[in-house]
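Please open the structure in a viewer and keep the selection tool at hand. The tour below proceeds by stops, each with something to select and a description of what is found there.

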Amino acid sequence: MVKPTVLGYMRDQPRALKAVYHDRDEFVKPFEQLFKKHSYKKVLFFGSGTSYNASQIAAYYFKHIVGIDAAGCYPTVFMNYEKPDWADILKKDEILFVGISQSGTSISTINVMKWAKKQGYQTVALTENLKSEITKHVDTTIHLLCGKELTPPETRGYTVTLLTLYLWALAAAVTVGKMDKTAYKAALAETKQFVGKFEMVVKESESWFDRNATTIVSSDRIYVLGYGIDYGSALEGMLKIGEMLRVPSIGYEIEEYSHGPTMALNGKTTIFMIGSDEEEWGRCLQFRTAFKKYTERVHLVTCKETAHDDRDVVFSVKTNKYLAPIMYTVPFQFAAAKGAMDTNIDTSINPFKEELSHLPD
């Protein structure tokens with residue numbers, strides 16, 4: 001039996017995303033029915049690690065596409081210090097709790113969903129494992145069609161999760177009257193075209209890492225900067241590098257990075273900048289020019305046309321700002337996984353053996 005590898009799962013993403021799009025009714029229909037049955041005014045997304053990062057982008061989708069209040073939350077922080085509705089204006093059946101856990105064994109996410117259901121809120125679990133612990137503590141379980149990943153870092157699961165959440169948002173937008181059927185069909189057609197080209201995203205990401213491997217793996221620290229929808233992408237990039245390449249890495253909202261952390265810049269610092277199609281695009285380019293005065297190791301990840309060099313990834317695949325985060329994570333996956341290989345780190349083994357974050361699978 002061939003040993004599963006992170007790189008194998010990464011390279012399988014084009015197939016997986018196409019399959020998920022094809023089989024979308026399996027996870028879109030049950031979610032759509034919830035929005036038809038209930039008049040939700042707020043959606044709270046929960047997850048830890050990769051699932052938390054996805055929840056940040058999910059909240060953006062639901063605010064900007066569906067037009068309702070949404071937030072991505074750390075489960076334990078929310079349960080201990082927050083309330084679903086501080087103003088006490090909304091009814092309990094107007095608030096939906098969504099727990100994202102690929103394995104279904106995340107202790108913090110299970111606990112917050114258990115708490116929410118006990119309090120009388122509607123609860124949904126999005127998980128790959130339909131027999132996992134989280135499914136016992138929610139009203140509705142929806143299948144995450146990513147397939148089981150047998151390595152500790154999750155890569156294919158993350159991109160599949162984002163596609164799932166985007167398709168949820170489109171369907172919900174139609175249900176609440178925010179999007180008409182014509183716009184919905186156009187959005188689906190664009191999504192199909194995007195996943196059909198994902199093989200090129202993987203190839204261009206790997207080629208980018210290969211030409212920059214030496215400086216990336218020799219970095220003394222790595223900063224990942226994002227803005228708008230791609231603040232969540234910056235967090236995911238930071239996580240992947242920390243999990244696999246194991247170089248000190250920090251993710252920042254791009255503007256916040258300029259308020260202090262720039263004092264630590266030196267020639268061995270690597271900065272990844274995610275160039276989203278948002279209001280801060282011009283500011284991003286301004287920061288990029290400034291940072292290059294202090295380190296040559298500045299890498300722009302974008303699909304927007306701009307002047308670039310071999311340090312940058314300017315994807316030939318073009319898409320809207322909502323789908324772009326699915327591809328913007330791939331360069332970080334390669335920097336982390338292939339960088340780990342280059343430095344003799346086995347990413348199939350978790351060296352931390354304490355069962356603190358997950359229940360035994």
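Between which helix and which strand does the loop that holds Asp88 lie? Select Asp88 in this predicted model: the residue lies in the loop between helix H5 (75-81) and strand E3 (95-100). Asp88 counts as exposed, because its relative accessibility is 58% and the exposed class begins over 50%. Its backbone also deserves attention, for Asp88 has a positive phi of about 55 degrees although it is not a glycine. Most residues other than glycine have a negative phi.

**The whole chain**

Now display the complete chain, which has 14 helices and ten strands. The radius of gyration is 20 Å, close to the 21 Å that the globule rule gives for 361 residues, so the chain is as compact as a globular protein of that length. Along its principal axes, the C-alpha trace spans about 55 × 45 × 40 Å. Of the 361 residues, 56% count as buried. If the surface is switched on, about 15400 Å² of the chain is exposed, and carbon and sulfur atoms supply 52% of that area. Among contacts between residues at least 6 apart in sequence, 75% join residues at least 24 apart.

**The five-stranded sheet**

Next, select strands E6 to E10. They form an open sheet of five strands in the order E7-E6-E8-E9-E10, with parallel pairing. Strand E7 (249-253) and strand E10 (313-314) stand at the edges; each has a single partner strand, so one side of each is left without a neighbour in the sheet. Strands of a sheet pair through backbone hydrogen bonds. For a closer view of one pairing, keep E7 and strand E6 (residues 221-226) in view: five bridges join these two parallel strands. Within this pairing, Val224 has Gly251 in E7 as its bridge partner.

**Helix H4**

Is helix H4 largely enclosed or open to the outside? Select residues 50-66, the 17 residues of H4. As 14 of these 17 residues are buried, the helix is largely enclosed by the rest of the structure. From its first C-alpha to its last, H4 reaches 23 Å, close to the 24 Å expected at 1.5 Å a residue. Extend the selection to Gly67, which follows H4 and has a positive phi near 80 degrees.

**Glu190 in helix H8**

Move on to Glu190, which is placed in helix H8 (residues 181-196). With 30% relative accessibility, Glu190 counts as partly exposed. Which residues does Glu190 contact, leaving aside its neighbours within four places in sequence? They are Thr319, Asn320 and Leu323. Show the side chains of Glu190 and Asn320 to find a polar contact between them, at 3.0 Å. For a sense of distance, also select Ile107: the C-alpha atoms of Glu190 and Ile107 are separated by 37 Å, and the two residues are 83 apart along the chain.

**Asn344, the last stop**

Finally, select Asn344, found in the segment after helix H14 (330-342). Asn344 is exposed, with a relative accessible area of 74%. Its phi is positive, at about 60 degrees, although Asn344 is not a glycine.

Definitions and conventions: Residues numbered from 1 in each chain as written. Predicted model: local features only at pLDDT ≥ 70, side-chain atom pairs only at ≥ 80, totals over all residues. Heavy atoms only, no water. Pairing = 2+ DSSP bridges. Helix = DSSP H or I, 4+ residues; strand = E, 2+ residues; numbered from the N terminus. Expected span 1.5 Å × (residues − 1). Buried < 20%, exposed > 50% of the residue type's maximum accessible area, 1.4 Å probe, protein only. Contact = heavy atoms within 4.5 Å. Polar contact = N/O pair within 3.5 Å; in protein donor to acceptor, adjacent residues only side chain to side chain. Rg over C-alpha atoms; globule rule 2.2 N^0.38 Å. Areas by Shrake-Rupley, 256 points an atom, 1.4 Å probe, with all protein chains shown as cover.
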